[in-house]
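Work through the exercises below with the structure open beside you. Try each task before reading its solution.

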Amino acid sequence: MPGSWTAREFPNLKDSDYKITSEYSEEYNCLAWAVGDVDQRWDPDEMDQYYWPPGVPREVTVAAVVAAFQTKGFEPSPDSSLEEGIEKIAIYATSDGRPTHAARQLKNGHWTSKLGNCEDVEHETLDCLTGEVRDAQGRIMCYGRPVCYMRRPRE
Amino acid sequence: MIPSIQPASIAAADNTISTSLYIQQFRPFTSVHSTDAIEEMVSLDWQREAIEVEFNRLLDKWREERSAASSFVVVNATHPAYQRIIGMGPRVLPFIVRELERKNDHWYWALKAISGEDPVTPESRGRMREMRDAWLRWAREKHYAR
């Protein structure tokens, strides 16, 4: 079943790669979903309109996203392998270093992602959400690839 | 009471709009008798319509081209069409508010950038419904919305 995203945003995503696990929602985004928060959008927007953990720089950088997740007990992890009792997050970024997305590992080794304003999906691999296609303005519209991982004890 | 006469309703057959015709129809319904004053009112009405047309054009372009999958608002708020809407200034605020009344969407960057105000409390940041309520309350206070 196709989601409400556009195919251009996920050039490597095939129908067999995922299943939709929620309704479309703008109430939360991928960063919030990664830490289990479905009440608010996490976004370091410069206009200071969205939630961002106090004390963490409001900047769209991987370092700022890592610092935001650290406020929820996550620490850097060397890889994305499945470990008993450990919850992991993968942070995606484009080749120019801009963070784009975060996915959370499930107990079965699959990953769960909130795709922007669209649905939540469960996907088997991190690779299926990768890609780097530019729009008419030359902006990268895809998630790029996973550039770092974080971990915390699973509750 | 001034009736709602839309310029388009008295457009000539060749689709041009006649100021004199508009004034002729408008004058009986107003206590303003100065032709200059009426012309200014008519001009403002036309400006409003022109702004609405341009806003709707940019809105369509933004909705068509923006990223649905992006989680960072900056990606879509820096889209050229969204930036053009911000560049239209305070005159576009009633139309942004109208869109926000219809559907919750990421208008908060534009509203804050244009107005320089921020009715969203720290506790409501990121909570889309509360953000919408705060901005619509602000819009009513500023007479941008009913």
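The exercises that follow concern a predicted model.

**Exercise 1. The elements of each chain**

Task: State how many helices and strands chain A has, and how many chain B has.

Solution:
- Start with chain A. Its secondary structure comes to two helices and seven strands.
- Read chain A from the N terminus. The elements run β-α-α-β-β-β-β-β-β.
- Now take chain B. It has seven helices and zero strands.
- Read chain B from the N terminus too. The order is α-α-α-α-α-α-α.

**Exercise 2. The dimensions of chain A**

Task: Decide what the radius of gyration of chain A says about a compact globule.

Solution:
- Begin with the expected value. A compact globule of 155 residues would have a radius of gyration near 15 Å.
- Compare chain A. Its value is 15 Å, so the two agree.
- Add the box. Along the principal axes, the C-alpha atoms of chain A fill roughly 40 × 35 × 30 Å.

**Exercise 3. Burial and contacts along the chain**

Task: For each chain, find the percentage of residues that count as buried.

Solution:
- In chain A, 41% of the 155 residues are buried.
- In chain B, 26% of the 146 residues count as buried.
- Go on to contacts between residues at least 6 apart in sequence. In chain A, 58% of these join residues at least 24 apart.
- In chain B, 44% of such contacts join residues at least 24 apart.

**Exercise 4. The sheet of chain A**

Task: Give the order of the strands in the sheet, then find the strands at its edges.

Solution:
- Write down the order. Seven strands of chain A form an open sheet, E1-E6-E5-E4-E3-E7-E2, with antiparallel pairing.
- Look at the ends. Strand E1 (18–20) and E2 of chain A each have a single partner strand, so one side of each has no neighbour in the sheet.
- Add the twist. It averages 30° from one strand to the next.

**Exercise 5. The partners of E7**

Task: Count the bridges that E7(A) makes with E2(A) and with E3(A).

Solution:
- Take strand E2 (residues 75–77) of chain A. It pairs with strand E7 (residues 145–153) of chain A over three bridges, in the antiparallel sense.
- Find one facing pair. A:Pro76 stands opposite A:Met150 in E7(A).
- Take strand E3 (residues 86–93) of chain A. Eight bridges join it to E7(A), and the two run antiparallel.
- Find a facing pair here too. A:Glu87 has A:Arg152 as its bridge partner in E7(A).

**Exercise 6. Two hairpins**

Task: Find which residue takes a positive phi in each of the hairpins E4–E5 and E5–E6 of chain A.

Solution:
- Start with the strands of the E4–E5 hairpin. Strand E4 (residues 99–105) and strand E5 (residues 111–114) of chain A run antiparallel, joined by two bridges.
- One facing pair is A:Gln105 and A:Trp111.
- Five residues lie between these strands, and A:Gly109 takes a positive phi near 90°.
- Move to the E5–E6 hairpin. Four bridges join the antiparallel strands E5(A) and E6(A).
- A:Thr112 has A:Glu122 as its bridge partner in E6(A).
- Again five residues lie between the strands, and A:Gly116 has a positive phi near 60°.

**Exercise 7. Two residues of chain A**

Task: Classify A:Glu75 and A:Asp127 by their C-beta neighbours within 10 Å, with 12 or fewer as the cut-off for exposed and 20 or more for buried.

Solution:
- Place A:Glu75 first. It lies in strand E2 of chain A.
- Count its neighbours. With 10 other C-beta atoms within 10 Å, A:Glu75 is exposed.
- List its contacts beyond four places in sequence. A:Glu75 touches A:Gln70, A:Met150, A:Arg151 and A:Arg152.
- Now place A:Asp127. It sits in the loop between strand E6 (120–123) and E7 of chain A.
- Count again. A:Asp127 has 13 C-beta neighbours inside 10 Å, so it counts as partly exposed.

**Exercise 8. Where the chains meet**

Task: Find how many residues each chain gives to the contact, and name residues of the largest nonpolar core that touch the most other members.

Solution:
- The contact takes 28 residues from chain A and 21 residues from chain B.
- Sort the chain A side by class. It has eleven nonpolar, nine polar and eight charged residues.
- Turn to the core. It has 62 residues, and those touching the most other members are A:Leu31, A:Ala34, A:Ile89, A:Ala102 and B:Ile96.
- Follow A:Leu31. Beyond four places in sequence, it touches A:Trp42, A:Val65, A:Ala68, A:Ala102 and B:Ser71.

Notes: Residues are numbered from 1 along each chain as its sequence is written. Chains are lettered from A and ligands numbered from 1 in the order in which they are written. This is a predicted model: local features need pLDDT of at least 70, side-chain atom pairs count only at pLDDT 80 or more; totals for chains, interfaces and linings use all residues. Two residues are in contact if their C-beta atoms, placed from the backbone, lie within 7 Å. Ala, Val, Leu, Ile, Met, Phe, Trp, Tyr, Cys and Pro count as nonpolar, Asp, Glu, Lys and Arg as charged, and the others, Gly among them, as polar. Two strands pair if DSSP finds at least two bridges between them. The radius of gyration is taken over C-alpha atoms; the globule rule is 2.2 Å times the number of residues to the power 0.38. Axes are lines fitted to C-alpha atoms, for helices over the stretch in contact, and angles run from 0 to 180 degrees between N-to-C directions. A nonpolar core is a set of buried Ala, Val, Leu, Ile, Met, Phe, Trp, Tyr and Cys residues joined through C-beta atoms within 7 Å.
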